[in-house]
Amino acid sequence: MPSSSPRLVSINSTSGQALSRAQKRFNSLLKKIGRQRAELQAWEEKEPVFAEQWARDVAPLKPLHFGKVVEIIDLLDEAAGRLKLSRTDRDTLEPELCGMMESVLSEDVLDEVEYRRLQALFDKYSPLSLEEIRAEEQEDFKAQVLDEFGLDLGDLDIDMRDPGAALEQVLRKLEEQGWAADGQEAGSGFGTPEARRAGQGSRGAAGRAAPRADSRRTTAAEKKRLAEEAAQKQASRSVQSIFRRLASQLHPDRETDPAERARKTELMQRATTAYQANRLLDLLELQLEIEQVDVHNIAGLAESQLEAYNRVLKQQSEDLEHELVQCEMRLRTRYPINRVQKRIKPKDLLRILKDFRAEILAGLRDLDELKDRISTARGLRIWLKSLRRQDEEEEMAAMMAELMSRGHSDWP
């Protein structure tokens, strides 16, 4: 939660001198963290409003939509049993009917009796049963997860009817196994004794020189690691130093005035929370609030001290970015908005809600028109013919796109 204390301001140049690299970096991180905090606060304010409006304006339309789809499914099933349709019409009708049923069966809108009825109807028209299709989808999903993350889901039962729930299952499994990107190279064969012997045999003297090069690289990597550890310790000491000064200044037991003791107790709690979360910016702002530091004196800090601050602020910015991504992922798993491809910002929520509601209402009107259209034998046949024509147009468009991607040289 963003702090309510006074905010740090950017370092300004003095005496006409240009800002140092560390000072510029400090300013940049302050601005970035300010934007991230504002966005996170916007999420905290707007997501509950989005949830309330979704429950009021969108959620009730879902069973209404699928209720109309079920009515059309029953009309088509009745017509298929009553009318003498051509083989071409039946070949068009049956997959369209199965697609409608699968869309309804994938949603949690039917009671158990109605679900079983539609499932049996689906199995009647589909060459593969619903259970067989779900099993294939689950295996394809597991293969994709294994390919992209190296995570073997084994016999885990994945709920393929709910993409959000499936994603949560995968994320939970990744956390359980302590998955990390740098662990994916294990078992690749690099660095094994057999690979080293093969490499030395083929390179001769160059192969014998390789261990020395590897040793130099190892030493350089070790030096880099030690330098990073030292920098991290220095940054940690900076946070500890600020916290200790605050704790010394704010210790409530040293106050005899009840009101001042209460004020310092609240400030001390904030300082402890910021310290435990490694939030340097909150600690610095607390310093301003109790007038321990003049905001303009930040510019006078030594480069080494600013660099230490910058490391902590960078980590704080990365943590905030992670929180923002989690906000978006939570929204995508709770609501059927995965087709919104670009990054979702809090300012987009109202527009997404309005667009989704408008789309559903338009879909309801289309379903009513379709129901009227297929209520007669002639209307049904015209509709089936329009589906075939639409398929032909899509195939032609795909063919033209393929030709265009190959270039003019392949054209006849």
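Let's start with the aromatic rings: a search of the whole predicted model turns up four aromatic pairs. One of these pairs joins tryptophan 54 and phenylalanine 356, with ring centres 5.0 Å apart and planes at 45° to each other, so it counts as tilted. Where do these two partners sit? Tryptophan 54 belongs to helix α1 (residues 21–58) and phenylalanine 356 to helix α12 (residues 349–373), so the pair ties together parts that are 302 residues apart in sequence. Tryptophan 54 has a relative accessibility of 10% and therefore counts as buried. Phenylalanine 356 is at 12%, so that ring counts as buried too. Both belong to one aromatic cluster, made up of Phe50, Trp54, Tyr335 and Phe356.

Now for the overall build. How many helices and strands does the chain have? There are 13 helices and zero strands, so if you read along the sequence you meet one α after another. The chain runs to 412 residues, and 33% of them count as buried. Take the contacts between residues with a separation of 6 or more: 65% of them come from residues 24 or more positions apart.

Next, the inside. The largest nonpolar core holds 32 residues, and Ile73, Leu76, Met101, Leu118, Leu380 and Trp383 are the ones with the most contacts inside it. Which elements give two or more residues to this core? They are α2 (61–82), α3 (87–105), α4, α5, α12 and α13. The largest share comes from α2, with eight residues. For a closer look, pick isoleucine 73: leaving aside residues up to four places away in sequence, isoleucine 73 touches Leu97, Met100, Met101, Val104, Leu118 and Leu121. There is also a second, separate core, this one with 27 residues, including Leu29, Phe50, Val58 and Tyr335. You've already met Phe50 and Tyr335 as members of the aromatic cluster.

Two of the helices that feed the largest core, α4 and α5, also make a nice crossing to look at. Helix α4 covers residues 112–125 and helix α5 covers residues 130–149; their axes come within 9 Å and cross at roughly 85°. Angles from 65 to 115 degrees count as roughly perpendicular, and α4 and α5 are therefore roughly perpendicular to each other. Who meets whom here? On the α4 side you'll find Tyr115, Gln119, Phe122 and Asp123, and on the α5 side Leu130, Glu131, Ile133 and Arg134. By class, that contact has four nonpolar residues, one polar and three charged.

Finally, here are three residues worth clicking on, starting with arginine 388. Arginine 388 is part of helix α13 (residues 377–406). With 23% relative accessibility, arginine 388 counts as partly exposed. Not counting residues up to four places away in sequence, arginine 388 touches Thr88, Asp89 and Thr92. Then there's tyrosine 275, which you'll find in helix α9 (residues 258–276). Is tyrosine 275 buried or partly exposed? Its relative accessibility is 29%, so tyrosine 275 counts as partly exposed. The third is lysine 84, placed in the loop between α2 and α3. Lysine 84 counts as exposed because its relative accessibility is 81%.

Each of the three has a partner elsewhere along the chain, and the table lists how far apart they are in sequence and in space.

| Residue | Partner | Apart in sequence | C-alpha to C-alpha |
|---|---|---|---|
| Arginine 388 | Threonine 92 | 296 residues | 7.1 Å |
| Tyrosine 275 | Glutamine 240 | 35 residues | 7.6 Å |
| Lysine 84 | Alanine 377 | 293 residues | 9.6 Å |

Threonine 92 shows up twice for arginine 388: as a partner in the table, 7.1 Å away between C-alpha atoms, and among the residues that arginine 388 touches.

Conventions:
Residues numbered from 1 in each chain as written. Predicted model: local features only at pLDDT ≥ 70, side-chain atom pairs only at ≥ 80, totals over all residues. Heavy atoms only, no water. Axes fitted to C-alpha atoms, helices over the stretch in contact; angles between N-to-C directions. Helix = DSSP H or I, 4+ residues; strand = E, 2+ residues; numbered from the N terminus. Parallel < 35°, antiparallel > 145°, perpendicular 65-115°, else oblique. Contact = heavy atoms within 4.5 Å. Nonpolar A, V, L, I, M, F, W, Y, C, P; charged D, E, K, R; others polar. Buried < 20%, exposed > 50% of the residue type's maximum accessible area, 1.4 Å probe, protein only. Phe/Tyr/Trp six-rings, centres within 6.5 Å; stacked < 30°, edge-to-face > 60°. Core = buried A, V, L, I, M, F, W, Y, C linked by side-chain atoms within 4.5 Å.
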